[in-house]
Structure formats: structure tokens, C-alpha cells
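This report describes the fold and some chosen side-chain pairings of a single protein chain. Please keep the sequence and the model in view while reading.

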Amino acid sequence: MPGENTCASGHAQTAPPPSSYELLRTLRGARGGVPAPAPSGPAAATPPALAAGRAPAPFKELNHAHLHISGFDPRAAGGRQTLKMELRGMPANCPPQITMQLQSDLITHGAARQQFVRTTRGDWRPVFVEFSSRNKEHGQYQIEVEVLSAADAAAQAQKWVCTFVILVPRRDATLTEIHQIFLSTHKNVRVMADDASIARVSAPAGGGYDLDVTARNAGIAHVDLSAPQGKIDMGFTTIAWDEELIEIDLPGASRAHPHPSRAACLVNAAPEAGAQRQIRLFALDECVLGRFELVDPESDVLLSHFGDDGQDNSGLTRRLSGRHAAIRRCNNGFEIEDVSRYGILLDGVWPGKNKPTPLRLGMRIELSASIKGIVVLSVSAIMPHGVILHRIDQGAQAECFYLLAPDRHPGYPLPAFAAAPNAAALPLLFHHDGGFWHLDQLTGKETALGPSTTLDKLSRVAKHNRFASEPYPECWIIRTGADDLHSTIAAHALSTA
């Protein structure tokens, strides 16, 4: 009988293959999220996948990993927007937390980082990315996406990438122009009878109207009511689309950094005019600035007062707290917080204790607030993956500081960022795979930094530089002591003999 899978005696019957019309109708129902109605007659005996509204085997490509992006409204030119991103079609063996990195000129500081977390239902909690097109030239802006899953005991590290284009239209652009440009930048949009179309409604003056206009899948509703009477409430849907995630090899997943470190130093044996003798490198989630202590320091960045006779670890240095200020990464870049007894001045103003303040290029940081001139720093660069601080006191020729986000690749090509001349002349360094790297901005070549690395051939690295495994290598002999020093030298002589 029609609709039955067995005969009257209970024998299973072979279902006829579905027609192309049935496949197309089932596929449309699956894309719309509503199961397609079951056909009548003998063709009703369809496979369970079709009866449930799922795509049959030939259409498995719909389950590939992709990002569903929604909430984009190109008409909001010059304003703040929020993109909703949903992760779909990921492998079942992915870890419960996945990192997404975005790079674009639209995003604050050129880059953003988000975390996808798996819910108890097995899907992924959506994330929201904010950007602003204020003061941006109209046109097309790329947003590059990297989705990374870290290696664990159950799965290896994986990496997916995609690039999509956001349109910033002119303020006087019509909906038709926006729609045409949007489709031209998204070649993967499938145009069907009800997809990627413009819904147009026109009506003469007078009378009453009760309209429900819907445009789905990158469509735009265009309503024109000539000389309407009374109040009209209208709502336009935003644009949404899918971007396929392409899985690529992770060369960094199998390689191990030859010299893992969270803190190090570049030492210049013969610094030229304007160069620093030590470039301190730190890769910490929170970097604490404080008083120089030879034994059991409380902070990461050890600061001393520099006077007419050079570095002075006593005297005014003792007016710095062991933990004076903390610099950490935040949603909109980097921020500094006063955690001291003596206070700090930011551009001459005390921000208040335990009140984080965003860092900006050129900001003057004075430690402390009660006595001026002990240590004065300047924010010379704010990069997507870190900040650079230069001393602008009498210790300017002694040291500068890289405060980098740990295990964060800046991407190539590097997004544009502002930097002072003294920071623009420095090499581009980052921390990844547990260690420090040098990135050549012209070729994109990455070089792992370690004690055995030859630095003379690296771009923007001055001559006579060497890599030290400690942020304060000049204090090693003092901390080691005479007895330990002699034993260390003897052991080194035996090992090299």
C-alpha cells in the first residue's frame, strides 16, 4: 500500500529511488530548517534520511566545517556593528574549546581573539565580534579568520582558515547598490528562486496596508510606499551567510621551539647612538612592573633609577614598590593598573589604585606619583600581539621592553599599527610555540630565537647582538656567587674540551 515499507505478509519492499524533484524539495527543506512534506503515492517509501528532512548521501558537503555569520547590516555606514559567528560542522573529536583569531583593518588594533566553547548539547556557543566603520573609507575590507584547536591526548592540533569581505558603503548608497556589491564580493552565495534576491513592494498613496516582507539568505527587502498615510512600522532583516572553513596543515603543531622561554633578552655588546644595550623580552598574560631586587623579586620587569652616575639600585629605587603596576591584555588592546603604595602618573594624572586604564601610543608612565623622575616610560608601540615600552629618563640607553602576548602569532602580512620612530626601527618579535621568534616583514620568514641563533642577518637587528636566556643576564654572575661561578666555569671547560 502507498506509504508502507512492507507488504501485507511483512516482507520488506525495495524503495524506488527518489526523483530529482523529491531530492530538490528535501534539500530546500533541510536548508530552511523545516522538514519537507512527505510525498504521496508509491514514492512515499523514501529512505529515513529523506523522511527526516536531512540531505541524502550525495549532499554530505553541506556538513563541512563552516562559519555562519549573521547580524551584518551594511546600511549602518559609519557606525558600530556586531557580527555573530557560529561554528558549525566541526569534527566530533575537537577539544571543547577552540580559538578564533581575526585580522582586519576594521577591527580595533587590527586583530581580535575569541574562544568557541562547546555546550552540553554538543554544538558551539556563538561569539560576537565588534567593529566600527567610523572614519573608514567606503569600499571592501577583508577579514581573515583562523580557527585553531590545540593538541591534546584525544586529537592533534588542527587549523582552519577563511577570508570574507565586509562592505562599507557610501552613506548615500541605495539598498540595490549595496545588494549588488555584496553579491559581487561573495561568489560562494548560491542564487536560487528565493535566495539572494530583492523583495520589492510598491503601493499607491492612500488606504491601509498590512505587509509582511521577508528576504532570506543575503536578500534585501525594498519597500516603497508613495505618500503613505498614518504610521508605518517596518523592520529590515540583516545579512547572513556561510563561509566554508578550509583545513590546512599546522607546521607549528609538529615543530618544537628549540629554546622555550617566557622571558629573555637581546644584548647589544656595542650599541650605536640611540640603541639600547638590553632589549628585555616578556611573554606573560600579566606583566608586573616593580622594584629591582637581586634576590626573590616580586615583579617581572625589574626597574631601577638611573642617575648621573648610572644605575642606582638603592636610594630612589627603594621608593618603588615590589609590585608597582601591572600590564595585561584586554578586549580593546592593553591596559595598565596601579597596584602600588606610591602610585603612578599617566600623562601626569594619577588614575587611581586598582583602576585599569587602556594604554595608548605615546602615553607617559611615571613611577612613582609621590617622587617624580624615578622611572619614566613611554608607550612607543601598540601591536596586535604586544606593546613596546621605552625609557625616556636617564636610563634611555640602557634598556627597553617588549611585553608580548604568550603564544600569539601576529599574522602575515602584519596588520597596520602605529609606532614611534624608536620602536619602528626595532625588529618584529613575537612569542609562539613556547618561545620567541623573529618575523621578517618583507619575506614573512620566521626564525626561532635561541643562544645559538645568528642574529646579524635578521632584519632590523643591530650588529653585535646575542640572545640571552634570562631577561637580566647582567645579574647572573652576582646571583651565582664566586664559588658557584668557579665550578660553573670549570664544568663548562670540561664539556668543551
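R80 counts as exposed, because its relative accessibility of 52% lies over the 50% cut-off. In this predicted model, the side chain of R80 meets that of E130 in a salt bridge, with 2.8 Å from N to O. The two residues belong to distant parts of the chain, R80 lying in strand β2 (residues 80-88) and E130 in strand β5, 50 residues apart. E130, for its part, is partly exposed, with a relative accessible area of 43%. Side chains of opposite charge can pair when their charged atoms come close.

Further pairs of this kind can be found, since a search of the whole structure finds 15 salt bridges. One of them joins the side chains of D123 and R121, at 3.0 Å from N to O; D123 is partly exposed at 32% relative accessibility, while R121 counts as exposed at 68%. Another brings together the side chains of D347 and R360, with an N to O distance of 2.5 Å. This pair again links distant parts of the chain, with D347 in the loop between β20 (344-346) and β21 (357-358), R360 in the loop between β21 and β22 (364-367), and their positions 13 residues apart in sequence. Both partners are partly exposed, D347 with a relative accessible area of 35% and R360 with one of 43%. Elsewhere, R280, R391, D393, E399 and E474 are joined into one network by salt bridges that share partners.

The three pairs described individually are set out below.

| Salt bridge | Distance, N to O |
|---|---|
| R80 and E130 | 2.8 Å |
| D123 and R121 | 3.0 Å |
| D347 and R360 | 2.5 Å |

The strands that carry R80 and E130 lead on to the sheet in which they take part. β5, β2, β1 and β10 form, in that order, an open sheet of 4 strands with antiparallel pairing. Because β5 (127-132) and β10 (239-244) stand at the edges and have a single partner strand each, one side of each is left without a neighbour in the sheet. Neighbouring strands of this sheet are turned against each other by 25° on average, when direction is ignored. At the β10 edge, strand β1 (residues 66-72) is joined to β10 by 5 bridges, and the two run antiparallel. Within this pairing, I69 has W241 in β10 as its bridge partner.

A second antiparallel pairing is that of β26 with strand β27 (residues 435-439), in which 4 bridges join the two strands. From strand β26 (residues 429-432), L429 and H431 point one way whereas F430 and H432 point the other way, and all of these residues are buried. In a regular strand the side chains alternate between the two faces of the sheet. The bridge partner of H432 in β27 is G435. The hairpin of β26 and β27 has 2 residues between the strands, and D433 takes a positive phi near 55° there.

Which residues does S299 touch, if those up to four places away in sequence are not counted? S299 is found in the loop between β14 (286-291) and β15 (301-303), and on that count its contacts are V288, L289, G290, R291 and G322. The C-alpha atoms of S299 and L289 are separated by 5.6 Å, although the two residues stand 10 residues apart along the chain. The side chain of S299 also reaches two backbone oxygens, that of V301 at 3.4 Å and that of G322 at 3.5 Å. With a relative accessible area of 8%, S299 falls under the 20% cut-off and therefore counts as buried.

For the chain as a whole, 7 helices and 29 strands are present. Of its 497 residues, 42% count as buried. The accessible surface comes to about 26600 Å², and 52% of this area belongs to carbon and sulfur atoms. Among the contacts with a separation of 6 or more, 54% are accounted for by residues 24 or more positions apart, and the contact between R80 and E130, 50 residues apart, links such distant parts of the chain.

Conventions. Residues numbered from 1 in each chain as written. Predicted model: local features only at pLDDT ≥ 70, side-chain atom pairs only at ≥ 80, totals over all residues. Heavy atoms only, no water. Pairing = 2+ DSSP bridges. Axes fitted to C-alpha atoms, helices over the stretch in contact; angles between N-to-C directions. Buried < 20%, exposed > 50% of the residue type's maximum accessible area, 1.4 Å probe, protein only. Contact = heavy atoms within 4.5 Å. Areas by Shrake-Rupley, 256 points an atom, 1.4 Å probe, with all protein chains shown as cover. Polar contact = N/O pair within 3.5 Å; in protein donor to acceptor, adjacent residues only side chain to side chain. Salt bridge = Lys/Arg side-chain N within 4 Å of Asp/Glu carboxyl O.
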